[in-house]
Amino acid sequence: DSLAASVGEEHPSFAIALVSRAQCLRNQSDYDGALELLERCRGIFACSVGEGHPNFASTLHEMAQCRCQKSEPDAALELLERCQSIRAATVGDEHPDLGATLMEIAQCHIHKGGYDAALGLLERCSAIFACSAGEDHPSFAIVLLKKAQCRVQKGEVAAALKLLEQCSAIF
């Protein structure tokens, strides 16, 4: 690998390339292969930029997505809670990266049947994406869609339909 030869296998740039490879593996449903690469990335980032760096948080987020897709929501939540605290400290409470982390945490709660917990998190996501991207942005619509899914699961069909109408107007 030419990048490894030029910067070394412990350099953050090499880790970023590994994250990209891990994302490809995750998209092919090779979650174990992706996690293996992401563990390596986590180690590189921990040693090179520290555990409080946004790249370390992004790696935790990627690992959590793999865990969630492997039906391991508790393991995903543990990773996401660390990611959330790093992102809140580095980018702030109103940044879209924090919103993405909160949405992933909500997804884990949905997976576990915790619809009320998910809805609380999705309310925060709505506020973040409304301020950062606007209420006509697809990110905001995705939050509405997830809220609607929770409402359906709770038997609140009328509330879900209203959210889906808002979502359809954006898409």
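Ile142 touches Met103 and Phe171, leaving out residues up to four places away in sequence; contact here means heavy atoms within 4.5 Å. This residue is found in helix α8, which covers residues 138–153. At 36% relative accessibility, Ile142 counts as partly exposed. Three classes are used: buried means under 20% relative accessible area, exposed means over 50%, and partly exposed lies in between, with a 1.4 Å probe and protein chains only.

The structure is a predicted model, in which local features need pLDDT of at least 70 and side-chain atom pairs count only at pLDDT 80 or more, while totals for chains, interfaces and linings use all residues. Residues are numbered from 1 along each chain as its sequence is written, and side-chain values use heavy atoms, with hydrogens and water left out.

## Overall architecture

The protein contains 9 helices and 0 strands. Helices (H or I, at least four residues) and strands (E, at least two) are DSSP runs, numbered from the N terminus. Along the sequence the pattern reads α-α-α-α-α-α-α-α-α. The radius of gyration of the protein is 17 Å, close to the 16 Å that the globule rule gives for 171 residues, so the protein is as compact as a globular protein of that length. This radius is taken over C-alpha atoms, and the globule rule is 2.2 Å times the number of residues to the power 0.38. Along its principal axes, the C-alpha trace spans about 60 × 30 × 25 Å.

Of the 171 residues in the protein, 40% are buried. Among contacts with a separation of 6 or more, 56% join residues 24 or more positions apart. The protein exposes about 8500 Å², and carbon and sulfur atoms supply 50% of this area. Accessible areas come from the Shrake-Rupley method with a 1.4 Å probe; for residues, only the protein chains shown count as cover.

The protein has 15 positive and 23 negative side chains, and the centres of the two sets lie 3 Å apart. Lys and Arg count as positive and Asp and Glu as negative, whereas His and the chain ends are not counted. The place of a charge is taken as NZ of Lys, CZ of Arg, CG of Asp or CD of Glu.

## Helices α2 and α3

Leu18 has its place in helix α2 and is buried, with a relative accessible area of 1%. Leaving out residues up to four places away in sequence, Leu18 touches Leu37, Arg40, Cys41 and Ile44. One of these partners, Cys41, is 23 residues from Leu18 along the chain, and their C-alpha atoms are separated by 6.7 Å.

Arg40 lies in helix α3 and, at 37% relative accessibility, counts as partly exposed. Apart from neighbours within four places in sequence, Arg40 is in contact with Glu9, Phe14 and Leu18. The C-alpha atoms of Arg40 and Glu10 are separated by 9.4 Å, with the two positions 30 residues apart along the chain.

Glu36 is also found in helix α3, which covers residues 31–48. Glu36 counts as exposed, at 62% relative accessibility. Glu36 and Cys108 are 72 residues apart in sequence and 21 Å apart in space, C-alpha to C-alpha.

## Cysteines

A disulfide is a pair of cysteine sulfur atoms within 2.5 Å. By this rule the count comes to 0 disulfides. For Cys83, the nearest cysteine sulfur is that of Cys108, 11 Å away. For Cys108, the nearest is that of Cys68, 3.7 Å away. Cys83 is buried, at 0% relative accessibility, and Cys108 is buried, with a relative accessible area of 0%.

## Two serines in loops

Most residues other than glycine have a negative phi. The table lists two serines with a positive phi.

| Residue | Phi | Loop | Relative accessibility |
|---|---|---|---|
| Ser29 | about 65° | between α2 (12–27) and α3 | 47%, partly exposed |
| Ser71 | about 60° | between α4 (54–69) and α5 (73–90) | 48%, partly exposed |

Ser29 also offers a reference point for Ile142: the two residues are 113 residues apart along the chain, and their C-alpha atoms are separated by 22 Å.
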